[in-house]
Amino acid sequence: MTSVAIKFGCAAAVAIAAACAALPAGAGDITTEWTSVKLPPVPELKPVTVDPRTTALLVLDFMKANCGQRPRCVAAVPNVKKLIDAARAHNMMIAYNLTGQNPKPEDMVDPSIAPRPGEHLIKNGRGANKWYNSDLEPALKGRGITTVIISGTSAQGAVAGSTQGATERGFKAIVPVDGMASEEAFNELYAAWHLAKGGPVALVENVTVTRGDLIKYGN
């Protein structure tokens, strides 16, 4: 080996060692930085006006067995009722997903948000994404629906998953943060951030994160 090659090899080794020394301990492993990560700014809640003729409200998984055991979810029930009342007042389509073993409307956490005769019960709406292998998409498209307002529990499960499913199928999605609930506050924070800012471009560009009182209904 020539002296030039030796010198080049040594220089390269020194450069690599210096670069490695400059890296923070545990680089690439978020768990080592967990306690020092700064939360992003609160997402802006945006006012939105919907066309009742082409907008449907989704009410997902508000059951005694899950929502009834989550204080944050029970507290959200009056907000969900306001969404349902507004949808009914404007003759909008409402689609419910019931979850659990042989679920029935009377198994919902509160009778005030239970479906009425003629309102749609999603068939085979399982897991986080209620669109997958269910009748939701054809039911909505059959009514000319292009936008969905999504409420549900959990926020990081049914709401985030079904919002993703909606945008993948060409629907616009509106998510009122006071109409979604989880086991704990951080899960709601995560879902709101993911849908407003942190998710893929194809998701966040087609989602409006809002609050129930910021939703207006057109003629």
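These legends describe close-up views of a predicted model.

**View 1. The largest pocket and its lining.**
The largest pocket holds about 540 Å³ of space. It is lined by 19 residues, and those closest to the pocket centre are L39, P40, F186, L189 and W193. Helix 5, residues 185-198, contributes the most to this lining, with 7 residues. By class, the lining residues split into 16 nonpolar, 3 polar and no charged.

**View 2. L189, one of the pocket-centre residues.**
L189 sits in helix 5. It is among the residues closest to the centre of the largest pocket. Its relative accessibility is 39%, so L189 counts as partly exposed; the cut-offs for that class are 20% and 50%. A155 lies 34 residues away in sequence, yet the C-alpha atoms of L189 and A155 are 8.8 Å apart. A155 is one of the buried residues of helix 4.

**View 3. P41 beside W193.**
P41 belongs to the loop between helix 1 (3-22) and strand 1 (48-50). With a relative accessibility of 66%, P41 is classed as exposed because the threshold is over 50%. Along the chain, P41 and W193 are 152 residues apart. Their C-alpha atoms are separated by 9.2 Å. W193 itself is listed with the residues closest to the centre of the largest pocket.

**View 4. Helix 2 and its bend.**
Helix 2 runs over residues 71-89, 19 residues in total. From first C-alpha to last it reaches 28 Å, close to the 27 Å expected at 1.5 Å a residue. The helix bends by about 35° at V77. A proline, P78, follows within four residues of that point. V77 is also one of the buried residues of helix 2. The others are C73, A76, V80, L83, I84, A86, A87 and R88.

**View 5. Helix 4, a mostly covered helix.**
Of the 14 residues in helix 4, 11 are buried. The buried set consists of A155, G157, A158, V159, A160, G161, S162, T163, G165, A166 and T167. At 1.5 Å a residue the helix should span 20 Å, and its end C-alpha atoms are 18 Å apart, which agrees. After the helix comes G170, with a positive phi near 90°.

**View 6. L60 packed against the sequence-distant A158.**
L60 is part of strand 2, residues 55-60. Its relative accessibility is 0%, so L60 counts as buried. In sequence, L60 and A158 are 98 residues apart. In space, the distance is 6.7 Å from C-alpha to C-alpha. A158 is likewise buried, in helix 4.

**View 7. The cis peptide bond at S154.**
The peptide bond from T153 to S154 is cis. Its omega is near 5°. S154 is located in the loop between strand 5 (147-153) and helix 4 (155-168).

**View 8. The aromatic pair W131 and F171.**
The model has 1 aromatic pair by the rule used. The ring centres of W131 and F171 are 4.9 Å apart, and the planes meet at 40°, so the pair is tilted. The two residues are 40 residues apart and link distant parts of the chain. W131 lies in the loop between strand 4 and helix 3, and F171 in the loop between helix 4 and strand 6 (172-176). Both W131 and F171 are buried.

**View 9. N102, with a positive phi.**
N102 is not a glycine, yet its phi is positive, near 50°. The residue is in the loop between strand 3 (93-97) and strand 4 (120-121). N102 has a relative accessible area of 63% and is therefore exposed.

**View 10. N124, with a positive phi.**
The phi of N124 is positive too, about 65°, again in a residue that is not a glycine. N124 occupies the loop between strand 4 and helix 3 (136-141). Its relative accessible area is 34%, so N124 is partly exposed. That loop between strand 4 and helix 3 also holds W131 of the aromatic pair.

Methods
Residues are numbered from 1 along each chain as its sequence is written. This is a predicted model: local features need pLDDT of at least 70, side-chain atom pairs count only at pLDDT 80 or more; totals for chains, interfaces and linings use all residues. Side-chain values use heavy atoms; hydrogens and water are left out. Buried means under 20% relative accessible area, exposed over 50%, partly exposed in between (1.4 Å probe, protein chains only). Rings of Phe, Tyr and Trp (its six-membered ring) pair if their centres lie within 6.5 Å; planes under 30 degrees apart count as stacked, over 60 as edge-to-face and the rest as tilted. On a 1 Å grid over the protein atoms alone, a cavity is a set of points where a 1.4 Å probe fits but cannot get out, and a pocket is an open set with protein on both sides within 12 Å along at least five of seven lines; lining residues have an atom within 4 Å of a point. Grid points are joined across faces, edges and corners, and a volume is the space filled by probe spheres set on the points. Ala, Val, Leu, Ile, Met, Phe, Trp, Tyr, Cys and Pro count as nonpolar, Asp, Glu, Lys and Arg as charged, and the others, Gly among them, as polar. The expected span of a helix is 1.5 Å times one less than its number of residues. The bend at a residue is the angle between axes fitted to the seven residues ending there and the seven starting there.
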